[in-house]
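Please work through the following exercises with the sequence and the structure at hand. Each task is followed by a solution in steps.

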Amino acid sequence: MSPPIATFNEFDGYTATKELKQGPVGKVSLTAPSEQNKLLEQFGDKWDGFKFAPIRESQVSRAMTRRYFADLDRYAESDVVIVGAGSCGLSTAYTLAKARPDLKIAIIEASVSPGGGCWLGGQLFSAMVLRKPAEAFLNDIGVPYDDEGNYVVVKHAALFMSTLMSKVLAMPNVKLFNATCVEDLVTRPSADGGVRVVGVVTNWTLVTLHHDNHSCMDPNTINAPLVISTTGHDGPFGAFCAKRLVSMNAIEKLGGMRALDMNRAEDAIVKGTREVSPGLIMGGMELSELDGANRMGPTFGAMVLSGVKAAEEALKVFEARKAECLE
């Protein structure tokens, strides 16, 4: 049975008034007892003679570096680069990689830990709220939730993020480069006299953070016909591509994020997700800085559906952008 909702009564304090309704994937089947006990059957009461298989330290180093440098080589020419591995960026990667498993998709995340601000709800609370119809995304990835009518609640935001991340990282056509910062965009002249984006300039995040107090350390690059920027609202690395469009004179100025209005904000972010410059699609809260949209606070439906729309926009323009890169 689901736990009751607590509501405040001025005489009795918090009292249970109704039961939460489970969503369509709200009931998760338990693993069969025999499967639950396999590890205990293998290891239980056998610890006295336990020993790991032997290994040389160099084997560990080579196992890591061989694979990482192979990935760097493979994704130096990517089909799509997604900047930012928060809820919008990972939702984009999930949707796009499923639709086009033939595309090489590189995700660049400045933090060591992907997920952005989606490990918790508002004010460090656990639960995560998504307004309908964003529960369709939860159904697709198999995350249970409580149905509250116009919105749904996931019991812990980390359940959503860890599930989404595990699905994205398991996809053979996706590579996440975390602890890696996008320092600039790679551009080419466009037919209309402007510029089109054809890749990103990268560096280790720790290097990027210390350019001011160390000698110059040049970056690396990834070429791609299409870049999808989901770096969030303004911050140390937030709204990077939006701000770069201004500094390279591709647009005159940013709109600047407006104050919190959940109802206006979420609709505006999803509808505004688009190709903002040839070769550059923008989604999530970065759009609030570009377009002057409201912030939405601790509700995440717009983040996942902006990711879905970003993937759709990418599918519409990818072949054309790829052809331009071959000219």
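The exercises below go from the whole chain to two helices, one serine and the annotated positions.

This is a predicted model, in which local features need pLDDT of at least 70, side-chain atom pairs count only at pLDDT 80 or more, and totals for chains, interfaces and linings use all residues. Residues are numbered from 1 along each chain as its sequence is written, and side-chain values use heavy atoms, with hydrogens and water left out.

**Exercise 1. Describe the protein as a whole.**

Step 1. The secondary structure comprises 11 helices and 17 strands; these are DSSP runs numbered from the N terminus, helices being H or I with at least four residues and strands E with at least two.

Step 2. Of the 327 residues, 42% count as buried. Buried means under 20% relative accessible area, exposed over 50%, and partly exposed in between (1.4 Å probe, protein chains only).

Step 3. Among contacts with a separation of 6 or more, 69% come from residues 24 or more positions apart; a contact means heavy atoms within 4.5 Å.

**Exercise 2. Determine which residues of α9 are buried, and why they lie on the same side of the helix.**

Step 1. Helix α9 spans residues 262–272, and its buried residues are Ala265, Glu266, Ile269 and Gly272.

Step 2. They share one side of α9 because they cover an arc of only 150 degrees around the axis; the arc is that of the directions from the helix axis to the C-beta atoms. An α-helix has 3.6 residues a turn, so residues three or four places apart point the same way.

Step 3. On the face turned away from the buried side of α9 are the exposed residues Asn263, Arg264 and Lys271.

Step 4. The cover over the buried residues of α9 includes β6 (128–131), β15 (274–277), α10 (286–291), β17 (294–295) and α11 (301–326).

**Exercise 3. Carry out the same analysis for α8.**

Step 1. In α8 (residues 240–247), Cys241, Ala242 and Leu245 are the buried residues. Their arc around the axis is only 105 degrees, which puts them on the same side of α8.

Step 2. These buried residues pack against β10 (180–189), β13 (226–229), β15, β16 (280–282) and α10.

Step 3. Just after α8, Asn249 adopts a positive phi of about 65 degrees.

**Exercise 4. Is Ser288 buried or exposed, and what does it contact?**

Step 1. Ser288 belongs to helix α10 and is buried, at 0% relative accessibility.

Step 2. The Ser288 side chain reaches the backbone oxygen of Met285 at 2.5 Å.

Step 3. Apart from neighbours within four places in sequence, Ser288 contacts His233, Gly256, Met257, Ile269, Ala293 and Asn294. Of these, Ile269 is one of the buried residues of α9.

**Exercise 5. Locate the positions annotated in UniProt.**

Step 1. An unreviewed UniProt entry gives "binding site" for Cys88, Glu109, Ala110, Gly117, Val182, Asp218, His233, Met285, Arg295, Met296 and Gly297. Such annotations may be inferred rather than shown by experiment.

Step 2. Gly117 is in the loop between β5 (105–109) and β6, and Gly117 is exposed, with a relative accessible area of 64%.

Step 3. Asp218 is in the loop between α7 (205–208) and β12 (220–223); Asp218 is exposed, with a relative accessible area of 64%.

Step 4. For "modified residue: 2,3-didehydroalanine (Cys)", the unreviewed UniProt entry lists Cys216. Cys216 lies in the loop between α7 and β12 and is exposed, with a relative accessible area of 67%.

Methods: A polar contact is a pair of N or O atoms within 3.5 Å; within protein, one must be able to donate a hydrogen and the other to accept it, and residues adjacent in sequence count only if both atoms are side-chain atoms.
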